[in-house]
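Reader: I have a new structure open and don't know where to start. Can you take me through it?

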Amino acid sequence: MSQPITPIIEDGRLIVCAGPGGVGKTTTAAALGLQAALRGRRCIVLTIDPAKRLANSLGLNRLTNEPQRIEFNGQGEEDPGGLWAMMLDQTETFEELLRRNAPDSASLERSRSNDIYRLMSTTLHGIQEYAALEKLHELYTSGDFDLVVLDTPPTANALDFLDAPKRLRRFFDRRVMKWFLPDDQRSTGLVSRFINPGTVVLKLLRRFLGDSFVDELVEFFDTFQYLQETLEERGELIEYILSDVRTHFLVVTSPDPRRIDEAFHFRDKLSSLQQEVTAFLVNRVTPPFDEEDLEGLGPEDLQRVRRADAAPLEAPDALLDAMGEHYAALARLARRDRHSLQRLADAVGQDAVQSIPVLGEDVHSIDQLRTLGSFMTSQGDA
Amino acid sequence: MIASLDDNRLIFVTGKGGVGKSTVTAALARGLARRGERTLVVETDVFSAMDGLLDIELGDHEMVDVEPDLQAINLKASECVVEAMARLIPSERIVRTLLGNRIAQTFFEAAPGVNQFAMLEKVRDLHAEVDEQGEPKWDHIVVDLPASGHAVTFLSVASTFRNMIKVGPVAEAAGKVADIVDDRSVSSIVAVCLPEEMPVNETVELDGKLRDALGRGLDVVLANMVHRPPLDGQAARDFDLLVDSLEGAGSMVDALLGRGADGTGAHRIRRIIAGLQLADDWHRRDLHHLKRLRESLEVDVYDIPVFYESDGLSVARRMIDFLDRETRPEPQSLAS
């Protein structure tokens with residue numbers, strides 16, 4: 001069986017980790033990044049999850065909107081590779097976008113004080129996904145990193161970010177904008193003003209949204225006209241990045257049957273966006289416990305694994321029964337997991353599936369990340 | 001059942017993705033319905049998990065009967081927008097004009113917050129619905145919210161709209177929705193959590209963010225998939241003795257993964273021991289994180305055990321039975 005993960009961390013330029021929540025996606029992204037760094041690559045892991053989780057797995061208190069270098073044992077001074085991580089701050093990223101593109105400081109000020117802008121940049125998602133792409137673009141083109149690993153939010157709309165440029169461009173669509181800009185030169189003529197359907201719509205909007213809100217909206221569109229071009233340009237670049245052959249989509253999931261169903265959902269969603277999944281990482285797979293292990297065991301087998309001088313057990317028969325009962329439950333869980341893996345492999349091909357066993361504690365140190373990563377890139381099956 | 005949830009007709013359920021939020025939603029709703037409370041499960045335009053959990057086929061924006069006293073609906077955001085416009089805009093002519101205008105449609109699709117607001121406005125409308133006797137149509141409406149990262153945004157969209165729009169029918173409607181969401185005596189917010197590092201952190205964060213955004217925190221936390229100790233009493237003491245007296249220091253990972261296994265009794269025993277040690281690690285980890293959760297929040301935390309079932313429906317059934325028995329007024333900690 002070939003191993004699907006190693007080639008992409010060795011050669012990829014962008015790895016997008018998608019998948020349902022609660023399967024260790026952020027940790028997986030960090031572990032992939034570390035594996036790339038250990039192979040001499042300069043890798044940055046970008047998380048756009050609103051919760052501060054990546055920092056936890058990297059042993060940091062917090063991550064910022066700027067790349068932070070992660071120190072790890074065994075990294076020599078002269079090693080070419082390195083690991084960086086950052087967490088997206090959507091407000092900050094959107095601010096940067098404005099600062100870079102505003103034609104003058106007055107429009108920048110107006111942008112900031114506009115209620116609708118504040119709503120867009122802080123409260124509502126969509127802009128968050130867009131901001132992530134903005135940051136992704138910046139990191140991708142900076143030349144500082146060989147590989148960007150992007151962790152996506154763990155929601156049903158996680159792949160919204162692929163639509164984000166299109167959505168925002170629609171929002172800033174010239175046809176939409178021009179209704180809100182009564183002084184627009186494009187519609188100076190009395191006739192065109194008169195038949196502009198926007199004029200009608202604007203009047204209607206005033207009636208049910210109120211004058212002050214609509215005025216604010218008009219100001220918003222007026223102020224943000226300059227973003228239109230930038231958004232178009234970015235949208236195209238990002239579409240280019242996502243379609244590059246060195247861009248890979250990983251679906252991270254767990255063997256829980258519901259999460260496998262969700263993994264299929266992610267695959268279908270990606271496929272509708274003309275993207276293919278390079279590999280499915282199945283995390284937290286129960287070790288291959290088997291009810292057969294319990295057959296024909298007796299208390300004497302307990303003695304066989306003990307030191308000869310060990311004190312006798314109080315009630316070895318009862319112990320063996322109690323152990324057997326709990327082990328049988330674990331074996332049922334293992335069987336469920338094997339079934340899930342088989343179902344996934346049947347649908348997407350064995351070569352596209354990599355399983356990672358669950359072996360104990362939560363991962364919250366670099367060493368644990370390294371162990372996790374070694375399972376991702378190993379041939380051995382869980 | 002959890003007593004404090006009986007008081008409010010509207011129950012919002014959220015939690016980090018993958019903690020079993022939908023399973024708990026289904027179990028809570030079924031538990032309520034089983035006691036004769038007319039209950040509605042609402043999903044918010046998602047890839048619905050309810051089909052498997054409630055054994056139904058849930059179409060888009062279509063009310064489905066699950067069993068007597070239990071109905072479910074997966075709201076479709078675009079339908080909610082159309083319905084909200086019809087409710088909020090007094091003139092049918094205006095609604096028709098807006099709906100018939102492609103540019104206006106584009107605007108409503110792309111504008112931030114419109115979908116979320118329209119869905120909450122729909123929930124408010126369902127909450128206000130009455131039967132022939134003029135009584136509320138549902139005793140309980142259980143809303144499966146987006147995962148916690150987006151839940152605060154979702155729940156605060158009404159007050160954002162109210163503050164932004166200020167006057168007119170939409171502002172008024174936003175105010176009404178915000179009043180429901182912000183009022184602890186009208187709606188409860190339940191977070192589902194796992195006894196793990198990140199889910200606990202996120203639940204604590206969620207409570208803080210809700211307080212900041214809505215002026216209210218969580219009402220109940222349900223800690224899901226709590227591992228009980230694999231052994232207890234004499235067996236636990238003998239097991240410790242057994243582990244302490246193992247001959248040779250074989251790697252636990254090797255034993256777990258069955259490396260070098262030759263099928264002999266000794267090898268199998270080693271693997272069984274490793275399996276139970278793993279289960280005991282899970283239990284200890286759970287204890288640690290549950291303690292942290294309880295210390296960080298001034299909210300009732302109830303534990304739900306892990307069920308080793310292979311499909312969602314069976315897990316939901318076991319959970320309903322468990323919650324049904326859980327009639328004690330005090331929150332229980334299973335792991336202690």
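Author: We can go through the sheets, then the aromatic rings, then a few single residues. Bear in mind that this is a predicted model.

Reader: Fine. How many helices and strands does chain B have?

Author: Chain B has 14 helices and eight strands.

Reader: And how are the strands of chain B ordered in the sheet?

Author: The eight strands of chain B make an open sheet with the order E3-E4-E2-E5-E1-E6-E7-E8, and the pairing is mixed. Its edge strands are E3 (64-67) and E8 (300-305) of chain B, each of which pairs on one side only. From one strand to the next the twist averages 25°.

Reader: Do E1 and E6 of chain B run parallel or antiparallel?

Author: Parallel. Strand E1 (residues 10-15) of chain B is joined to strand E6 (residues 187-193) of chain B by six bridges. In one of these, B:Leu10 has B:Ser187 in E6(B) as its bridge partner.

Reader: Which strands does helix H8 of chain B lie across?

Author: Helix H8 (residues 148-165) of chain B lies across E1, E2 (39-44) and E6 of chain B. The helix runs at about 145° to E1(B).

Reader: What about chain A, what is the strand order there?

Author: In chain A, eight strands form an open sheet in the order E3-E4-E2-E5-E1-E6-E7-E8, with mixed pairing. Strands E3 (68-70) and E8 (353-357) of chain A stand at the edges with a single partner strand each, so one side of each has no neighbour in the sheet. The twist averages 25° from one strand to the next.

Reader: How many bridges pair E1 with E6 in chain A?

Author: Five bridges, in the parallel sense, between E1 (residues 14-18) and E6 (residues 247-253) of chain A. A:Leu14 has A:Thr247 as its bridge partner in E6(A).

Reader: Where does helix H17 of chain A lie?

Author: Helix H17 (residues 366-376) of chain A lies across E3, E7 (277-285) and E8 of chain A, at about 140° to E8(A).

Reader: Changing topic. How many aromatic pairs are there over all chains?

Author: Three. One of them is A:Trp84 with A:Phe145, whose ring centres are 5.4 Å apart. Their planes are at 70°, over the cut-off of 60, so the pair counts as edge-to-face.

Reader: Where in chain A do A:Trp84 and A:Phe145 lie?

Author: A:Trp84 is in strand E4 (residues 82-87) of chain A, and A:Phe145 is in the loop between helix H7 (127-141) and strand E5 (147-151) of chain A. The pair therefore ties together parts that are 61 residues apart in sequence. Both A:Trp84 and A:Phe145 are buried.

Reader: What lies over the face of A:Tyr140?

Author: A:Arg13, at 4.0 Å from the ring centre.

Reader: Now A:Asp337. Buried or exposed?

Author: Buried. A:Asp337 has a relative accessible area of 1%, which is under the 20% cut-off, so A:Asp337 counts as buried. A:Asp337 lies in helix H16 (residues 316-348) of chain A. Leaving aside residues up to four places away in sequence, A:Asp337 touches A:Pro255, A:Arg284, A:Val285 and A:Thr286.

Reader: Back to chain B, where is B:Gly113 found?

Author: B:Gly113 is in the loop between helix H6 (102-110) and helix H7 (114-128) of chain B. B:Gly113 is buried, with a relative accessible area of 4%. The C-alpha atoms of B:Gly113 and B:Thr160 are separated by 9.2 Å, and these residues are 47 residues apart along the chain.

Reader: Last one. What share of the residues of chain B count as buried?

Author: 58% of the 336 residues of chain B.

Methods. Residues are numbered from 1 along each chain as its sequence is written. Chains are lettered from A and ligands numbered from 1 in the order in which they are written. This is a predicted model: local features need pLDDT of at least 70, side-chain atom pairs count only at pLDDT 80 or more; totals for chains, interfaces and linings use all residues. Side-chain values use heavy atoms; hydrogens and water are left out. Two strands pair if DSSP finds at least two bridges between them. Helices (H or I, at least four residues) and strands (E, at least two) are DSSP runs, numbered from the N terminus. Axes are lines fitted to C-alpha atoms, for helices over the stretch in contact, and angles run from 0 to 180 degrees between N-to-C directions. Contact means heavy atoms within 4.5 Å. Buried means under 20% relative accessible area, exposed over 50%, partly exposed in between (1.4 Å probe, protein chains only). Rings of Phe, Tyr and Trp (its six-membered ring) pair if their centres lie within 6.5 Å; planes under 30 degrees apart count as stacked, over 60 as edge-to-face and the rest as tilted. A charge sits over a ring if NZ of Lys or CZ of Arg is within 6 Å of the ring centre and within 35 degrees of the ring normal.
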